[in-house]
Amino acid sequence: MLGRVGPDRLDLTEAHRFPNTPVRLPDGLRWDVLALFQGVLDGLREAARSGGVASIGVDTWAVDYGLLDADGALLGQPYHYRDSRTDGAAARVWARVGPEELYRTTGLQHLPFNTVFQLASAAGSAHLGAACTLLLVPDLLVHWLTGSIGAEETNASTTGLLDARTGAWSKDLLGRLSIDAGLLPPLRAPGDPAGTLLPHVAAYTGLDALTPVTTVASHDTASAVVAVPATEPDFAYISCGTWSLAGLELDAPVLSEASRAANFTNERGIDGTVRYLRNIMGMWLLEECRRTWERQGLPTHLSTLLADAARATPFAAVVDPDAPEFLAPGDMPGRLREYCRRTGQPAPESQGAVVRCILESLALAHRRTLRQAAELAGRDITHVHLVGGGSRNDLLCRLTADATGLPVVAGPAEATALGNVLVQARAAGLVGDPPAMRGLVAATQHLRHYSPQGDTAAWDAAAARLDTAGPDTVPRSS
């Protein structure tokens with residue numbers, strides 16, 4: 001994405017689009033990070049053809065990493081967080097550091113694929129034994145662009161290895177888990193310089209070799225939160241894409257036992273802020289259904305599916321999007337139906353009914369998460385900003401307003417890219433502090449507004465159904 005920023009200007013142009021297709025190898029599901037880096041290089045070459053490039057910033061998803069040997073060579077393609085190798089790894093970590101203490105240190109929501117559990121699953125392996133440096137995926141791409149080594153702090157905060165209070169790597173935790181502290185690079189903050197382009201990168205892309213690579217909020221959700229167009233306090237946000245990340249922006253972490261029991265996370269944002277949120281299995285459910293239907297030769301056009309969902313019977317069946325059976329790729333419609341049967345609900349048969357079930361379930365998850373966040377943090381919420389690709393989904397936005405009983409402002413859809421660009425622009429002196437960044441987003445981007453409507457009792461009844469069927473995903477010490 002090519003961004004242009006000025007006093008009254010903030011716009012994006014897509015420079016290049018390329019697939020991100022994981023590869024299943026005999027030893028597990030891997031990211032094809034070499035193909036991704038080639039896509040980055042091709043995109044930079046396209047951007048160079050449009051004129052001068054003042055800065056480059058890289059963001060990706062969280063938790064996954066590449067390992068480098070003593071010569072700086074990559075030791076195999078990075079594992080995908082949906083790979084099953086972490087099954088049982090959490091128990092090995094908790095045997096050394098109990099889940100309560102782990103949360104008090106890191107403030108991190110329990111997810112079975114957190115980096116700390118990935119490292120536990122790799123303990124004793126040849127590739128971890130040969131590793132000298134661990135780089136999260138965006139840091140790996142920055143390294144290949146510049147040759148520099150560093151760990152950006154918003155993404156580092158998702159590893160389960162960072163102290164939530166100090167913002168530094170937890171030496172105590174690393175020692176007790178027998179993780180070599182030397183694997184972890186020095187931390188960088190959004191806005192810090194990361195280096196300039198390596199000669200062969202400059203030659204291939206046609207960019208000036210002195211083009212700076214700027215550290216941005218490299219966790220995509222952290223970048224998305226930068227671009228939340230909030231101009232008033234007491235807002236909540238939902239960054240909705242493959243995952244729905246719903247929560248609040250705070251000045252300090254919430255590390256209480258109640259917060260841990262509710263499975264909330266304290267991840268770092270820019271300027272020392274805390275993204276207090278919960279991961280919800282988001283549009284992954286719908287996209288995986290579409291992949292299944294495509295293989296079956298059924299219609300997959302999103303507008304048609306959403307129109308059918310709008311006509312489907314409301315609240316016929318709802319699911320907990322975070323049920324563990326929904327994590328892995330595969331036959332998602334079949335798994336949704338089986339969940340409904342297991343919980344005594346009618347299984348959705350038509351495509352429209354399946355999509356309705358997914359969207360109402362996500363809206364209920366948004367409602368539950370935001371209410372819990374407000375209670376645990378002692379904050380009021382007056383309105384919700386829904387950003388990311390899900391903001392284009394009119395039905396989901398409307399259902400979220402109805403479920404939460406709060407006004408919803410939808411957009412921008414490309415919040416992550418905008419937040420990335422804004423941090424670079426601030427480093428270059430083109431924009432001011434976060435309120436100024438958000439004001440620029442609000443003034444320049446197309447936003448849609450939804451007011452809550454409909455029968456609140458129906459939402460309460462659907463929520464009560466889930467309260468009796470949801471899985472217990474929060475670990476407790478024995």
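Buried here means under 20% relative accessible area, exposed means over 50%, and partly exposed is whatever falls in between, using a 1.4 Å probe on protein chains only. By that yardstick Asp 271 is partly exposed, because its relative accessible area is 48%. This is a predicted model, where local features need pLDDT of at least 70, side-chain atom pairs count only at pLDDT 80 or more, and totals for chains, interfaces and linings use all residues. Residues are numbered from 1 along each chain as its sequence is written, and side-chain values use heavy atoms, with hydrogens and water left out. Helices (H or I, at least four residues) and strands (E, at least two) are DSSP runs, numbered from the N terminus.

**Two covered helices**

- Helix 1 takes in residues 33-49, 17 residues in total, and its first and last C-alpha atoms are 25 Å apart, close to the 24 Å expected at 1.5 Å a residue. The expected span of a helix is 1.5 Å times one less than its number of residues.
- Among the buried residues of helix 1 are Val 33, Leu 36, Phe 37, Leu 41 and Leu 44, along with Asp 42.
- The cover over those buried residues includes strand 1 (2-6), helix 6 (137-146) and helix 9 (199-205), where contact means heavy atoms within 4.5 Å.
- After helix 1 comes Gly 51, with a positive phi near 135°.
- Helix 17 (residues 415-427) agrees with its expected length, because its 13 residues should span 18 Å at 1.5 Å a residue and its end C-alpha atoms are 18 Å apart.
- Helix 17 is mostly covered, with 10 of its 13 residues buried; Leu 418, Asn 420, Val 421 and Gln 424 are among them.
- Its buried residues are covered by elements including strand 1, strand 2 (9-13), strand 10 (212-214), helix 10 (220-226), strand 15 (383-387) and helix 18 (434-444).
- Gly 429 follows helix 17 and has a positive phi near 80°.

**Helix 12 against helix 14**

- Two packed helices are described by the angle between their axes and the distance between the axes.
- For helix 12 (residues 284-295) and helix 14 (residues 332-342), the angle is about 120° and the axes are 7 Å apart. Axes are lines fitted to C-alpha atoms, for helices over the stretch in contact, and angles run from 0 to 180 degrees between N-to-C directions.
- That makes helix 12 oblique to helix 14; angles under 35 degrees count as roughly parallel, over 145 as roughly antiparallel, 65 to 115 as roughly perpendicular and the rest as oblique.
- On the helix 12 side, Trp 284, Leu 285, Glu 288, Cys 289, Thr 292 and Trp 293 meet Met 332, Pro 333 and Leu 336 of helix 14.
- By class, this contact of helix 12 with helix 14 has seven nonpolar, one polar and one charged residues. Nonpolar covers Ala, Val, Leu, Ile, Met, Phe, Trp, Tyr, Cys and Pro, charged covers Asp, Glu, Lys and Arg, and the others, Gly among them, are polar.

**Strands and sheet**

- Strand 1 and strand 2 pair antiparallel over five bridges, and two strands pair if DSSP finds at least two bridges between them.
- A two-residue hairpin joins strand 1 to strand 2, and Val 5 has Leu 10 in strand 2 as its bridge partner.
- An open sheet of seven strands runs in the order 13-14-12-11-15-16-17, with mixed pairing.
- Its edge strands are strand 13 and strand 17 (448-450), each pairing on one side only.
- Strand 13 and strand 14 run antiparallel and are joined by four bridges, with Arg 268 opposite Val 274 in strand 14.
- Helix 15 (residues 351-377) lies across strand 11 (235-240), strand 12 (243-250), strand 14 and strand 15, at about 155° to strand 14.

**Loops and backbone oddities**

- Asn 263 sits in the loop between helix 11 (257-261) and strand 13 (265-268); its phi is positive, about 65°, although it is not a glycine.
- Asn 263 counts as buried because its relative accessibility is 4%.
- Ala 262 is in the loop between helix 11 and strand 13 too, and is buried at 13% relative accessible area.
- Leaving out residues up to four places away in sequence, Ala 262 touches Arg 278, Gln 372 and Leu 376. The C-alpha atoms of Ala 262 and Leu 376 are separated by 8.9 Å, with their positions 114 residues apart along the chain.
- Asp 271, in the loop between strand 13 and strand 14 (274-281), has a positive phi near 55° and is not a glycine.
- Gly 411 and Pro 412 are joined by a cis peptide bond, with omega about 0°; Pro 412 lies in the loop between strand 16 (408-410) and helix 17.
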